[in-house]
Amino acid sequence: MWAHTGRGPHLSDDQRRVVLEELRAALPGKVIVAGANGPTMARDAKRGGADALLAFPVPENAVVYHDELSQELPVIAFYLYAAAGGVDYDDKALHGILSLPNVLGIKVATLDSIMTFQRIAAVMRDHPDKLLITGEDRFLGYSLMMGARAALIGMGAALTDVQAALVSAHMKADDHAFLRLSTQLDAFGQATFTAPMEGYIRRILWALAADGVIPDDSCDDPWGPTLPAAEREAVRRAVREARGC
């Protein structure tokens, strides 16, 4: 929830708490992960019924920061690309964070740095009990090949069944299906996750409309940038191609 979309800060504390409470009521038995940028937000998430935290990255005292959050709820660390406000944690910081007993793992969203993902995947080999979560919309399939065991991606809001099929193909070692689905989703990612990056929320709404999930007139993003009509057509085309239409 509101992990790195920039939307969370537009909500008041009361609004975030209401959202958490509504999710808890609507999704009994499901795990709810809330974004947090400090102990206060972590405590609010805990009171609202969250089960775990996705820790927004900080540039200083990263290990102490994650330790403080983990006193409230289990924590998923977050390696986010710098242009979105992320921090380039070095290997020492990563090892320190992942060594904390109440840190469950790390979500990696580099946007386009396969080399960085490879570096973090190598660090994870020293922490086999921790979860590597991919946030890589632009190379989802490859990130699974590099050891990701879960996904937390904006793209996952659309074509969810296709992405679930990709994960299933990977788990079953069905290389033919995995390659086909990975190619389809890479093309979809190229249409939806491109500059300006903040436009991806509107593009995902366009994708949902193109897939018949929401009405065509329900795609407004009041906080996002204005995008040209040609981009919407590109998203529609990517959805059709991913569906084999």
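This briefing covers the nonpolar core, one helix and three strands of the structure above. The model is predicted: local features need pLDDT of at least 70, side-chain atom pairs count only at pLDDT 80 or more, and totals for chains, interfaces and linings use all residues. Residues are numbered from 1 along each chain as its sequence is written, and side-chain values use heavy atoms, with hydrogens and water left out.

**Core**
- The largest nonpolar core (buried Ala, Val, Leu, Ile, Met, Phe, Trp, Tyr and Cys joined through side-chain atoms within 4.5 Å) has 74 residues.
- Leu53, Tyr89, Ile106, Ile120, Leu132 and Phe188 touch the most other members.
- Helix H9 (residues 200-210) gives the largest share of this core, eight residues.
- Phe188 touches Met155, Ala158, Leu159, Ile204, Ala207, Ala238 and Val239 (heavy atoms within 4.5 Å), not counting residues up to four places away in sequence.

**Helix H8**
- Helices (H or I, at least four residues) and strands (E, at least two) are DSSP runs, numbered from the N terminus.
- H8 (residues 175-192) has 18 residues and should span 26 Å (1.5 Å times one less than its number of residues); its end C-alpha atoms are 25 Å apart, which agrees.
- Its buried residues (under 20% relative accessible area, 1.4 Å probe, protein chains only) include Phe178, Leu181, Leu185 and Phe188.
- The buried residues of H8 pack against H6, H7, H9 and H10.

**Strands**
- E1 (residues 33-36) and E2 (residues 52-55) run parallel, joined by four bridges (DSSP pairing needs at least two).
- Gly35 stands opposite Leu54.
- E2 and E3 (residues 75-80) also run parallel, with two bridges.
- Val75 is the bridge partner of Leu53.
- Ala52 and Leu54 point one way from E2, Leu53 and Ala55 the other way, and all are buried.

How values were computed:
Buried means under 20% relative accessible area, exposed over 50%, partly exposed in between (1.4 Å probe, protein chains only).
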